Amino acid sequence: GSGSGSGSGSGRIQLSELVPPVPEVAEPAPAPRVEVGWLSEGPHVGERVLRRLKGHGYVHAVVRLYLPAGDAEDEPAFWHIEHADGDEED
């Protein structure tokens, strides 16, 4: 096949590239899911943030959950945020 890479030379994918520009279904979001290890209290939980999405500008969001770092170097801490439009991301 023909290669149709982005030409950026980077193996990293920007999170904003994974978020669809328009939600496919406009439904009210259910209560945030709480997966094993995620905490509803912790650093920055409840704080408002301004998230820059490439090609979409800035969106307001709130930090909802915190996942503490694991024991290994490749297990950093994560935060789950909810955008003002209802979208969510880790």
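Helices and strands are named here from DSSP runs, a strand being a run of at least two E residues, and they are numbered from the N terminus. The structure on display is a predicted model.

**First stop: a loop and its charges**

Select aspartate 71, which is found in the loop that lies between β2 (57-67) and β3 (78-83). Its relative accessibility is 86%, and aspartate 71 is therefore classed as exposed, since that class begins over 50%. Now add Glu73, Asp74 and Glu75 to the selection: together with Asp71, these residues form a negative surface patch.

**Second stop: the sheet**

Next, display the strands as a cartoon. In general, the strands of a sheet pair through backbone hydrogen bonds, in either a parallel or an antiparallel manner. In this model, four strands make up an open sheet, arranged in the order β1-β2-β3-β4, with antiparallel pairing. Colour β1 (48-53) and β4 (88-89), which stand at the edges; each has a single partner strand, so one side of each lacks a neighbour in the sheet.

Move to the border of β3 and β4. These two strands run antiparallel and are joined by two bridges. Select isoleucine 81 and look across to β4, where glutamate 89 stands opposite.

**Third stop: the salt bridges**

How many salt bridges does the structure hold? There are two, and each can be visited in turn.

Keep glutamate 89 selected and add arginine 51. These residues form a salt bridge, in which the closest N and O atoms are 3.1 Å apart. The pair connects distant parts of the chain, as glutamate 89 belongs to strand β4 and arginine 51 to strand β1, 38 residues apart.

Is glutamate 89 buried or exposed? Its relative accessible area is 7%, so glutamate 89 is buried, the limit for that class being under 20%. Arginine 51, at 23% relative accessibility, counts as partly exposed.

For the other salt bridge, select arginine 64 and glutamate 82, whose closest N and O atoms are 3.3 Å apart. Arginine 64 lies in strand β2 and glutamate 82 in strand β3, so this salt bridge ties together parts of the chain that are 18 residues apart in sequence. Arginine 64 has a relative accessibility of 35% and therefore counts as partly exposed. Glutamate 82, with 21%, also counts as partly exposed.

**Last view**

To finish, show the sheet with both pairs selected: glutamate 89 with arginine 51, and arginine 64 with glutamate 82.

Methods
Residues numbered from 1 in each chain as written. Predicted model: local features only at pLDDT ≥ 70, side-chain atom pairs only at ≥ 80, totals over all residues. Heavy atoms only, no water. Patch = residues over 30% accessible without salt bridge, like charges linked within 9 Å, V, L, I, M, F, W, Y side chains within 5 Å. Areas by Shrake-Rupley, 256 points an atom, 1.4 Å probe, with all protein chains shown as cover. Salt bridge = Lys/Arg side-chain N within 4 Å of Asp/Glu carboxyl O. Lys, Arg positive; Asp, Glu negative; His and termini not counted. Charge placed at Lys NZ, Arg CZ, Asp CG, Glu CD. Buried < 20%, exposed > 50% of the residue type's maximum accessible area, 1.4 Å probe, protein only. Pairing = 2+ DSSP bridges.
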